[in-house]
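Student: Before we discuss this model, could you take me through the reasoning behind its labels, setting each value against its definition?

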Amino acid sequence: MAEENKVRLHGMWVSPFVRLVKLALEIKGIEYEYVEEDLKNKSLVLLNYNPIHKKVPVLVVNGKPLVESLIILEYIDETWKNGTRFLPEDPYKRAQIRFWCSFIHKQVFETMMLVLKSDGEAQAKAAKEVSERFSTLEEEIKNIFPEGIQVIDQKNVGLLDLVIVSTFGYYKAQEEYLGLKLIDREKTPLLFSWLSALLELPVVKESLLPHEKVVGFLKLMREMALKSTSD
(Lines give C-alpha, C1' and ligand atoms only; values in the text may rest on other atoms or scores of the structure.)
Protein backbone atom coordinates (compact mmCIF):
# COMPACT_ATOMS: atom_id res chain seq x y z
CA MET A 1 0.00 0.00 0.00
CA ALA A 2 1.53 3.33 -1.02
CA GLU A 3 2.29 5.64 1.90
CA GLU A 4 0.22 8.46 0.42
CA ASN A 5 -2.83 6.16 0.26
CA LYS A 6 -2.31 4.36 3.55
CA VAL A 7 -5.40 3.50 5.61
CA ARG A 8 -5.06 2.02 9.08
CA LEU A 9 -7.80 1.04 11.52
CA HIS A 10 -7.11 0.82 15.26
CA GLY A 11 -9.74 -1.32 16.93
CA MET A 12 -10.75 -3.99 19.42
CA TRP A 13 -12.02 -7.32 18.12
CA VAL A 14 -15.45 -7.41 19.78
CA SER A 15 -16.42 -3.72 19.51
CA PRO A 16 -19.59 -3.15 17.43
CA PHE A 17 -18.29 0.31 16.52
CA VAL A 18 -15.10 -1.19 15.10
CA ARG A 19 -17.15 -3.84 13.26
CA LEU A 20 -19.17 -1.02 11.70
CA VAL A 21 -16.05 0.63 10.27
CA LYS A 22 -14.58 -2.70 9.14
CA LEU A 23 -17.74 -3.56 7.21
CA ALA A 24 -17.77 -0.16 5.52
CA LEU A 25 -14.14 -0.48 4.43
CA GLU A 26 -14.69 -3.99 3.10
CA ILE A 27 -17.90 -3.14 1.23
CA LYS A 28 -16.13 -0.18 -0.41
CA GLY A 29 -13.17 -2.42 -1.28
CA ILE A 30 -10.70 -0.20 0.58
CA GLU A 31 -7.37 -1.82 1.41
CA TYR A 32 -6.41 -1.18 5.03
CA GLU A 33 -4.13 -2.29 7.84
CA TYR A 34 -5.77 -3.41 11.08
CA VAL A 35 -4.17 -2.79 14.49
CA GLU A 36 -5.69 -4.58 17.50
CA GLU A 37 -5.60 -2.41 20.62
CA ASP A 38 -5.46 -3.62 24.23
CA LEU A 39 -7.93 -1.28 25.93
CA LYS A 40 -6.66 -2.27 29.38
CA ASN A 41 -3.21 -1.10 28.37
CA LYS A 42 -3.81 1.58 25.75
CA SER A 43 -0.93 2.24 23.40
CA LEU A 44 0.72 5.63 23.17
CA VAL A 45 -0.23 5.63 19.49
CA LEU A 46 -3.95 5.31 20.35
CA LEU A 47 -3.73 7.98 23.06
CA ASN A 48 -1.95 10.29 20.63
CA TYR A 49 -4.54 9.77 17.90
CA ASN A 50 -7.58 10.01 20.22
CA PRO A 51 -6.56 12.03 23.30
CA ILE A 52 -10.14 13.15 24.09
CA HIS A 53 -12.04 9.84 24.24
CA LYS A 54 -9.08 7.40 24.30
CA LYS A 55 -11.30 4.85 22.54
CA VAL A 56 -11.53 2.83 19.36
CA PRO A 57 -12.22 2.89 16.48
CA VAL A 58 -9.63 5.28 15.11
CA LEU A 59 -9.21 5.41 11.35
CA VAL A 60 -5.91 6.89 10.19
CA VAL A 61 -5.81 8.05 6.58
CA ASN A 62 -2.50 9.36 5.27
CA GLY A 63 -1.39 9.97 8.86
CA LYS A 64 -4.55 11.91 9.79
CA PRO A 65 -6.75 10.33 12.51
CA LEU A 66 -10.55 10.24 12.54
CA VAL A 67 -12.59 9.13 15.56
CA GLU A 68 -16.18 8.08 16.35
CA SER A 69 -17.68 5.42 14.13
CA LEU A 70 -20.55 7.37 12.56
CA ILE A 71 -18.25 10.28 11.70
CA ILE A 72 -15.76 7.81 10.21
CA LEU A 73 -18.54 6.19 8.12
CA GLU A 74 -19.56 9.53 6.64
CA TYR A 75 -15.93 10.35 5.87
CA ILE A 76 -15.50 7.00 4.10
CA ASP A 77 -18.71 7.54 2.10
CA GLU A 78 -17.73 11.06 1.04
CA THR A 79 -14.11 10.18 0.23
CA TRP A 80 -14.59 6.88 -1.61
CA LYS A 81 -17.60 7.62 -3.82
CA ASN A 82 -17.20 4.50 -5.93
CA GLY A 83 -19.85 1.81 -5.76
CA THR A 84 -22.19 1.69 -2.79
CA ARG A 85 -23.19 5.02 -1.24
CA PHE A 86 -24.13 4.67 2.42
CA LEU A 87 -26.25 7.82 2.71
CA PRO A 88 -29.06 9.02 0.41
CA GLU A 89 -28.70 12.23 -1.60
CA ASP A 90 -31.91 13.77 -0.21
CA PRO A 91 -31.02 16.04 2.79
CA TYR A 92 -34.15 15.11 4.76
CA LYS A 93 -33.59 11.39 4.31
CA ARG A 94 -29.93 11.81 5.30
CA ALA A 95 -30.99 13.61 8.48
CA GLN A 96 -33.49 10.85 9.33
CA ILE A 97 -30.87 8.14 8.82
CA ARG A 98 -28.41 10.01 11.05
CA PHE A 99 -31.05 10.33 13.77
CA TRP A 100 -31.90 6.62 13.86
CA CYS A 101 -28.26 5.57 13.74
CA SER A 102 -27.62 7.78 16.76
CA PHE A 103 -30.74 6.39 18.47
CA ILE A 104 -29.46 2.83 18.05
CA HIS A 105 -26.01 3.65 19.40
CA LYS A 106 -26.96 5.98 22.23
CA GLN A 107 -30.38 4.73 23.29
CA VAL A 108 -30.59 1.05 22.42
CA PHE A 109 -26.99 -0.19 22.63
CA GLU A 110 -26.09 1.73 25.77
CA THR A 111 -29.19 0.35 27.52
CA MET A 112 -28.28 -3.16 26.34
CA MET A 113 -24.92 -2.65 28.05
CA LEU A 114 -26.75 -1.69 31.26
CA VAL A 115 -28.60 -5.01 31.12
CA LEU A 116 -25.29 -6.81 30.77
CA LYS A 117 -23.55 -4.92 33.55
CA SER A 118 -26.32 -4.79 36.17
CA ASP A 119 -28.27 -7.17 38.38
CA GLY A 120 -31.59 -7.38 40.22
CA GLU A 121 -33.97 -4.42 39.94
CA ALA A 122 -31.49 -2.32 37.95
CA GLN A 123 -31.19 -5.08 35.35
CA ALA A 124 -34.98 -5.58 35.19
CA LYS A 125 -35.47 -1.83 34.64
CA ALA A 126 -32.82 -1.74 31.90
CA ALA A 127 -34.33 -4.81 30.21
CA LYS A 128 -37.75 -3.11 30.17
CA GLU A 129 -36.20 0.01 28.62
CA VAL A 130 -34.46 -2.07 25.94
CA SER A 131 -37.76 -3.73 25.06
CA GLU A 132 -39.47 -0.33 24.78
CA ARG A 133 -36.70 1.03 22.54
CA PHE A 134 -36.83 -2.01 20.28
CA SER A 135 -40.60 -1.41 19.98
CA THR A 136 -39.93 2.22 19.02
CA LEU A 137 -37.44 1.06 16.38
CA GLU A 138 -39.92 -1.53 15.09
CA GLU A 139 -42.53 1.20 14.55
CA GLU A 140 -40.01 3.34 12.64
CA ILE A 141 -39.09 0.43 10.36
CA LYS A 142 -42.70 0.54 9.09
CA ASN A 143 -41.94 4.07 7.87
CA ILE A 144 -38.55 3.12 6.42
CA PHE A 145 -39.98 0.09 4.61
CA PRO A 146 -43.69 0.91 4.00
CA GLU A 147 -43.90 -1.98 1.51
CA GLY A 148 -41.96 -4.43 3.65
CA ILE A 149 -38.26 -5.32 3.86
CA GLN A 150 -36.61 -4.92 0.47
CA VAL A 151 -34.04 -7.28 -1.01
CA ILE A 152 -30.70 -6.25 0.49
CA ASP A 153 -27.36 -6.88 -1.17
CA GLN A 154 -23.92 -5.31 -0.97
CA LYS A 155 -24.77 -2.95 -3.82
CA ASN A 156 -27.58 -1.19 -1.96
CA VAL A 157 -26.57 -1.55 1.70
CA GLY A 158 -26.79 1.76 3.58
CA LEU A 159 -25.53 3.34 6.78
CA LEU A 160 -28.56 2.27 8.82
CA ASP A 161 -28.19 -1.33 7.57
CA LEU A 162 -24.56 -1.35 8.71
CA VAL A 163 -25.44 0.11 12.11
CA ILE A 164 -28.21 -2.47 12.61
CA VAL A 165 -26.04 -5.49 11.76
CA SER A 166 -22.91 -4.32 13.60
CA THR A 167 -24.86 -3.47 16.77
CA PHE A 168 -27.31 -6.39 16.89
CA GLY A 169 -25.46 -9.04 14.86
CA TYR A 170 -24.57 -11.02 17.99
CA TYR A 171 -27.96 -10.77 19.66
CA LYS A 172 -28.19 -14.57 19.95
CA ALA A 173 -25.04 -14.66 22.11
CA GLN A 174 -26.46 -11.86 24.28
CA GLU A 175 -29.80 -13.65 24.62
CA GLU A 176 -28.15 -16.97 25.44
CA TYR A 177 -25.92 -15.53 28.14
CA LEU A 178 -28.46 -13.17 29.74
CA GLY A 179 -31.45 -15.45 29.36
CA LEU A 180 -33.47 -12.55 27.94
CA LYS A 181 -35.29 -12.22 24.63
CA LEU A 182 -33.97 -9.13 22.86
CA ILE A 183 -35.04 -9.41 19.23
CA ASP A 184 -38.27 -11.36 19.08
CA ARG A 185 -39.72 -12.76 15.84
CA GLU A 186 -43.23 -12.13 17.23
CA LYS A 187 -42.77 -8.77 18.99
CA THR A 188 -40.38 -7.18 16.49
CA PRO A 189 -40.94 -9.12 13.24
CA LEU A 190 -39.67 -6.36 10.93
CA LEU A 191 -36.45 -5.86 12.87
CA PHE A 192 -36.00 -9.63 13.01
CA SER A 193 -36.49 -9.96 9.23
CA TRP A 194 -34.22 -6.99 8.47
CA LEU A 195 -31.41 -8.28 10.67
CA SER A 196 -31.78 -11.83 9.34
CA ALA A 197 -31.41 -10.56 5.76
CA LEU A 198 -28.32 -8.54 6.66
CA LEU A 199 -26.71 -11.50 8.42
CA GLU A 200 -26.93 -13.42 5.12
CA LEU A 201 -24.76 -10.91 3.24
CA PRO A 202 -21.42 -12.58 2.33
CA VAL A 203 -19.34 -9.68 3.69
CA VAL A 204 -21.19 -9.96 7.03
CA LYS A 205 -20.99 -13.76 7.19
CA GLU A 206 -17.24 -13.67 6.58
CA SER A 207 -16.71 -11.21 9.42
CA LEU A 208 -18.80 -12.97 12.08
CA LEU A 209 -16.96 -14.06 15.22
CA PRO A 210 -17.45 -17.54 16.72
CA HIS A 211 -20.61 -17.63 18.86
CA GLU A 212 -18.82 -19.24 21.84
CA LYS A 213 -16.07 -16.59 21.78
CA VAL A 214 -18.64 -13.79 21.99
CA VAL A 215 -20.53 -15.54 24.83
CA GLY A 216 -17.22 -15.95 26.69
CA PHE A 217 -16.43 -12.26 26.32
CA LEU A 218 -19.90 -11.25 27.54
CA LYS A 219 -19.47 -13.47 30.59
CA LEU A 220 -16.10 -11.89 31.41
CA MET A 221 -17.45 -8.38 30.86
CA ARG A 222 -20.44 -9.00 33.15
CA GLU A 223 -18.31 -10.58 35.88
CA MET A 224 -15.91 -7.61 35.85
CA ALA A 225 -18.79 -5.09 35.92
CA LEU A 226 -20.57 -6.78 38.82
CA LYS A 227 -17.31 -7.17 40.74
CA SER A 228 -16.48 -3.47 40.36
CA THR A 229 -19.93 -2.47 41.73
CA SER A 230 -19.59 -4.78 44.74
CA ASP A 231 -16.06 -3.69 45.70
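Tutor: Two strands are said to pair if DSSP finds at least two bridges between them. With that cut-off in hand, and keeping in mind that this is a predicted model, we can turn to the sheet.

Student: What makes β1 and β2 a pair?

Tutor: Strand β1 (residues 7-11) and β2 are joined in the parallel sense over four bridges, and the definition asks for at least two; one such bridge links Leu9 to Tyr34 in β2.

Student: Why are β2 and β4 said to stand at the edges?

Tutor: The four strands form an open sheet of mixed pairing, in the order β2-β1-β3-β4. Because β2 (33-36) and β4 (64-67) each have a single partner strand, one side of each is left without a neighbour in the sheet.

Student: Which strands does helix α1 lie across, and which does α3 touch?

Tutor: Helix α1 (residues 16-28) lies across β1, β2 and β3 (58-61), at about 155 degrees to β1, while α3 (residues 69-79) touches β3 and β4, its direction making about 125 degrees with that of β4.

Student: How do you know that the buried residues of α8 line one face of the helix?

Tutor: Buried means under 20% relative accessible area, and in α8 (residues 189-199) this holds for Leu191, Phe192, Trp194, Leu195, Leu198 and Leu199. Seen down the axis of α8, these buried residues fall within an arc of 165 degrees, so they line one face.

Student: What covers the buried residues of α8?

Tutor: The cover includes α5 (120-144), α6 (159-168), α7 (171-178) and α9 (202-207).

Notes. Residues numbered from 1 in each chain as written. Predicted model: local features only at pLDDT ≥ 70, side-chain atom pairs only at ≥ 80, totals over all residues. Heavy atoms only, no water. Helix = DSSP H or I, 4+ residues; strand = E, 2+ residues; numbered from the N terminus. Contact = heavy atoms within 4.5 Å. Axes fitted to C-alpha atoms, helices over the stretch in contact; angles between N-to-C directions. Buried < 20%, exposed > 50% of the residue type's maximum accessible area, 1.4 Å probe, protein only. Arc of directions from axis to C-beta.
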